[in-house]
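Let's take a walk through this structure together. Have the sequence and the 3D view ready, and we'll go piece by piece.

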Amino acid sequence: MSFEIPDELHYQDSHEWVRVDDGTATIGISDFAQDELGDIVFVELPSEGDDLDAGSDFGVVESIKAVSDVYAPISGSVTAVNEDLLDEPELVNEDPYGDGWMLKVDLADEGELDDLLDAEEYEAQLA
Amino acid sequence: MSLRKPPLYEAHAESGADFTDFGGWEMPVSFSSIRDEHAAVRDSVGLFDVSHMGELSVDGPDATELLHRLTPSDVEGLGDGRALYSCLLRDDGVILDDVIVYDHPTESEYVLVPNAGHDEEMLARLREHKLRWDLDVDLSNKTKETGMVAVQGPDAVERVDAVTADDVTELDPFEALETTIDGVTCLVARTGYTGEDGFEIMFPSEGSDAIEAAFADIQRCGLGARDTLRLEAGLLLSGQDFHSEDEPHDPFETGIGFVVDLDSGDFVGKPALERAVEDGPNEKLVGIRLDERAIARHGHPIVDDGEAIGTVTSGTMSPTLGVPIAMGYVDADFAATGTELTLSIRGRDVDATVVDTPFLDSVDAE
């Protein structure tokens, strides 16, 4: 079974991804993570303005069979929350790197990105 | 200790199933997606490998008496080819396991089907009472050499009838007949655990490949969908909705008082159940609809004004209804339909309401 691992993203070993665009980081969970969880039925996320600490849990993703905490890959202030996931959590299954994004964060320290895995390293970890 | 594998394990692995340990068995959780498998059973038909269920053969001149006295149900009133849902009780009335008792359609034996991982324990209980009551009964554990599949859904009758040598369309609920599928002798019973019409089919495990092949084009379903389907139907899961140590309850508290026949002679646990009838239950298992988006799980507390009044035993997002549902025990004062409850889900208070089961009939889909 092979999973989609876009080259341009940063990954955390707990299966969250970060896309950085002009100082804004978008965060979600990987294709592997959504597949492991199976049908996602509930996503609990922080609110706009909340602060994330790299490595701390920021929310919960719940599938029919399991519940899992999600961890902030980077620190920063939440500038947007994907409200669509509240009514359509299955978007995380259908499009984990696109419509299934979770948060946008004002990146506090770009240096933290160096602590994350690149696509190749993340793929090696899954193997 | 290694896990027991169902005869169709290799076939499941080839289909790409994810596996889990269930009652000491390595069983498929899902083949594609729980949601898709669930929908197949509600909309058309699905096939479950349920070879992890136990099969105990109870035969001999006193077989009827042994089962009649070990269950609260009227086993004497069964006839060839009839089955009943019941349970085995402890002396204090607490349920040890729920079972189906089949009066074999052609043989003198009964087939007792307990839950996964309970076969040895139930066999020991039968043996102990056979000796205590000095009954002439032959007991054997056929779990290993017996395969079992469930074919469930609105199209199940047509699909099973298409492959059986005999007509199965006229079977009543809880009626079984012996027939063959591609030369394999099977016990085909109109029973199930999904809230849909369908059959459970028992066969010698060496016939597993033939049975699998006969139903090759039916959606495979795993334990994940089996759990969401049974929960929507308000059916109990042994070890989770009741457990002799962790969640000890009698049949009345558990909502299966219909299996208890207090007029059918003596049985183990009867004095305790007679007292329970007199006193009324302290707690009751109720259906719960969550009024907010959250998933209740086994062990989550049920509270009222900050005070614990019960515990969730099962919960999920209902795939059919699109609403989170649960079952749990509450103090009898809070068991009436429509009672508003609060569930404490990982530190968050979630509003919920007591509803009737099956949920499919009582809860409006979103």
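One term comes first: a residue is called buried when its relative accessible area is under 20%. Keep in mind, too, that what you're looking at is a predicted model.

With that in hand, go to strand 9 of chain B, which covers residues 146-152. Seven of its seven residues are buried, so strand 9 of chain B is largely enclosed by the rest of the structure. Now look at where the side chains go. In a regular strand, side chains alternate between the two faces of the sheet. Here B:Thr146, B:Met148, B:Ala150 and B:Gln152 point one way, while B:Gly147, B:Val149 and B:Val151 point the other way.

What does strand 9 of chain B pair with? On one hand there's strand 3 of chain B, joined in the antiparallel sense over four bridges; in that pairing, B:Asp49 has B:Val149 as its bridge partner. On the other hand there's strand 12 of chain B (residues 198-204), also antiparallel, over seven bridges. In strand 12, B:Phe203 stands opposite B:Gly147.

Zoom out a little and you'll see that these strands belong to an open sheet of six, in the order 10-11-12-9-3-13, with mixed pairing. At the edges sit strand 10 (176-181) and strand 13 (219-221) of chain B, each pairing on one side only. From one strand to the next, the twist averages 30 degrees. Strand 13 of chain B pairs with strand 3 (residues 46-49) of chain B in the parallel sense, over three bridges, and there B:Phe48 stands opposite B:Cys221. Lying across strands 3, 9 and 13 of chain B is helix 2 (residues 34-43) of chain B, which runs at about 115 degrees to strand 13.

Chain B as a whole is divided into three pieces: domain 1 (9-53 + 144-232), domain 2 (56-141) and domain 3 (282-366). The C-alpha centres of domains 2 and 3 of chain B lie 34 Å apart.

Over to chain A, where the pLDDT averages 94 and 99% of the residues score at least 70. Among its elements, strand 1 (residues 10-11) of chain A has the highest mean pLDDT, 97. That strand holds A:Tyr11, which teams up with A:Tyr122 in helix 4 (residues 119-126) of chain A, 111 residues apart. Their ring centres are 4.6 Å apart and their planes at 0 degrees, so the pair is stacked. Are these two tyrosines buried or exposed? A:Tyr11 is buried, at a relative accessible area of 0%, and A:Tyr122 is buried at 1%.

Terms used: Residues are numbered from 1 along each chain as its sequence is written. Chains are lettered from A and ligands numbered from 1 in the order in which they are written. This is a predicted model: local features need pLDDT of at least 70, side-chain atom pairs count only at pLDDT 80 or more; totals for chains, interfaces and linings use all residues. Side-chain values use heavy atoms; hydrogens and water are left out. Domain bounds come from an automatic or database domain assignment. pLDDT is the predictor's confidence in each residue, from 0 to 100. Helices (H or I, at least four residues) and strands (E, at least two) are DSSP runs, numbered from the N terminus. Two strands pair if DSSP finds at least two bridges between them. Axes are lines fitted to C-alpha atoms, for helices over the stretch in contact, and angles run from 0 to 180 degrees between N-to-C directions. Contact means heavy atoms within 4.5 Å. Rings of Phe, Tyr and Trp (its six-membered ring) pair if their centres lie within 6.5 Å; planes under 30 degrees apart count as stacked, over 60 as edge-to-face and the rest as tilted. Buried means under 20% relative accessible area, exposed over 50%, partly exposed in between (1.4 Å probe, protein chains only).
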